[in-house]
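Student: Can we go through this one together, with a reason for each label we use? I'd like to see how the values and the cut-offs meet.

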Amino acid sequence: MNMHGRKSIVPPDDDVLENIAASFFRAKKEINEALTRLADTIAFEQVRKIIEDVYKLGRLEAVSEIEGGYVNKSYQATATANGSTVEYFVRKYRSNVTDEDILFEHSMIEHAVSNGMDGLSRVYRQPDGRSFFRMREITGGKVISRAFAVYQFLDGEDRYAWLDNRMTPGEDRSYGALLAKFHDCMSGFDPGLKAEPSIEEHLPAMRERFAICHEPLSSGDRFRGLWEKSLSSLLAACDEAIARAAGGYWVDLPRCACHCDYHPGNVKWKGEKCASIFDLDWSKMDMRLFDVSCAVIYACASWESADNGEIDFERVEYVLSGYDEYLSEHGSFLRFTREEKDAFPQMMKTGIVYLFDWLLVYCEDAENLNEFEYYYYLCHYVNALDCLNRNQRRLGEIISRI
């Protein structure tokens with residue numbers, strides 16, 4: 001301040017500007033590091049409470065976050081009790097999961113295990129018999145309830161992921177066989193409280209969302225641009241599926257408890273054998289062929305840049321053969337019926353429609369999600385739908401040989 005009460009402002013030189021920028025960079029880095037440590041501390045304490053205080057499984061020794069999930073958090077927890085050390089799988093569910101969703105998932109698992117499904121992560125129960133626990137946390141400035149559950153930690157190798165699905169022919173067959181075993185072991189399952197609508201009941205509402213979901217996005221958003229360009233093809237696939245459902249073409253297709261998120265990242269491996277299956281929180285009752293079609297898309301649509309979205313039809317046949325061979329040799333559930341074989345080419349497109357619906361999370365929360373990441377996912381499904389439109393006859397020929 002000078003004698004007149006005014007502050008003199010002089011133009012900064014380059015050294016001053018660099019020091020200011022460096023100070024802000026260091027402060028931002030320190031804040032981010034502190035936030036990461038805080039998040040890790042909270043996660044450890046949440047898992048400790050679940051293992052020690054709620055489930056009473058012993059003293060928590062270590063926690064590792066299992067990365068790769070998009071909607072749930074997963075942890076490997078090591079606990080010691082009575083001189084023995086055991087590994088547990090702890091799931092922190094997405095914020096909007098309902099009690100009915102969790103109870104449905106757990107009842108599915110226990111039904112399958114009781115029918116001989118050995119490649120499934122068993123559910124642990126608390127001393128009072130409950131299979132999950134809710135605790136409050138602050139997220140986004142709001143107090144919300146988050147559900148936790150504890151499962152058997154499965155042996156085996158996490159060999160592939162959602163975006164890394166290039167399996168060998170033997171692995172493709174084993175992948176198909178494990179899904180067949182799951183469907184077979186779910187025979188006689190009663191959905192109880194969760195009578196969630198099947199895919200054909202969801203289709204009209206999905207079509208309505210598809211037509212307008214992109215409107216809140218900015219005009220320069222890459223996702224919006226590609227969505228608008230591809231919308232007519234997507235709506236045509238919806239209309240085709242809706243017409244099939246309305247025409248009664250799907251009435252006689254076998255139904256069962258379906259995984260609905262069966263992809264190479266949700267299984268574990270021992271050698272070339274697909275040994276176990278997990279992540280059942282999207283499961284519901286639906287057409288068996290719908291679950292198979294989604295599993296085929298997840299496994300056989302390339303994520304590699306050179307052919308992103310293209311379906312490897314040789315691998316489609318391997319997966320379907322593995323599924324059918326298991327039921328032929330071991331299962332009591334129906335093998336593919338004539339009606340399913342007729343419906344398969346179109347059901348593959350219905351599976352793609354279902355996966356487009358998952359992408360709407362970007363339209364709803366674009367400010368907090370990565371535009372380029374979701375643009376990449378959208379490119380994949382747009383290319384896959386185009387590939388399926390071009391190869392309906394080929395799909396029919398493949399399943400006719402099964």
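Tutor: Let's start with what an axis is: a line fitted to C-alpha atoms, for helices over the stretch in contact, with angles running from 0 to 180 degrees between N-to-C directions. Helices (H or I, at least four residues) and strands (E, at least two) are DSSP runs, numbered from the N terminus. The model is predicted, so local features need pLDDT of at least 70 and side-chain atom pairs count only at pLDDT 80 or more, while totals for chains, interfaces and linings use all residues. Residues are numbered from 1 along each chain as its sequence is written, and side-chain values use heavy atoms, leaving out hydrogens and water.

Student: What does the chain look like overall?

Tutor: It has eleven helices and nine strands. Its C-alpha atoms fill a box of roughly 95 × 60 × 40 Å along the principal axes. Contact means heavy atoms within 4.5 Å, and among contacts between residues at least 6 apart in sequence, 71% join residues at least 24 apart.

Student: What makes α3 roughly antiparallel to α6?

Tutor: The axes of α3 (residues 169–185) and α6 (residues 288–300) come within 11 Å and cross at roughly 155 degrees. Angles under 35 degrees count as roughly parallel, over 145 as roughly antiparallel, 65 to 115 as roughly perpendicular, and the rest as oblique. The crossing angle therefore puts α3 roughly antiparallel to α6.

Student: Which residues make that contact?

Tutor: Y175, L179 and H183 come from α3, and R288, D291, V292, A295, Y298 and A299 from α6. They divide into six nonpolar, one polar and two charged. For those classes, Ala, Val, Leu, Ile, Met, Phe, Trp, Tyr, Cys and Pro are nonpolar, Asp, Glu, Lys and Arg are charged, and the others, Gly among them, are polar.

Student: Why are α6 and α7 called oblique?

Tutor: The axes of α6 and α7 (residues 313–329) come within 9 Å and cross at roughly 140 degrees. That value falls in none of the named ranges, so the two helices are oblique to each other. On the α6 side the contact uses R288, V292, V296, A299 and C300, and on the α7 side R315, V316, V319, L320, Y323 and L327. These split into nine nonpolar, no polar and two charged.

Student: How do you know that D286 is buried?

Tutor: Buried means under 20% relative accessible area, exposed over 50%, and partly exposed in between (1.4 Å probe, protein chains only). D286 has 0%, so it is buried. D286 sits in strand β9 (residues 284–287), and a polar atom of its side chain lies 2.9 Å from the backbone nitrogen of I199. Leaving aside neighbours within four places in sequence, D286 touches S198, I199, E200, P254, R255, C256 and C258. Across the chain, 47% of the 402 residues count as buried.

Student: And what makes N82 exposed?

Tutor: Its relative accessible area is 84%, so N82 counts as exposed. N82 is in the loop between β2 (73–81) and β3 (84–92), and has a positive phi of about 55 degrees although it is not a glycine.

Student: Where is K56, and is K56 buried or exposed?

Tutor: K56 lies in the loop between α1 (14–54) and β1 (59–66). With a relative accessible area of 56%, K56 is exposed. Its phi is near 55 degrees, a positive value in a residue other than glycine.

Key: Polar contact = N/O pair within 3.5 Å; in protein donor to acceptor, adjacent residues only side chain to side chain.
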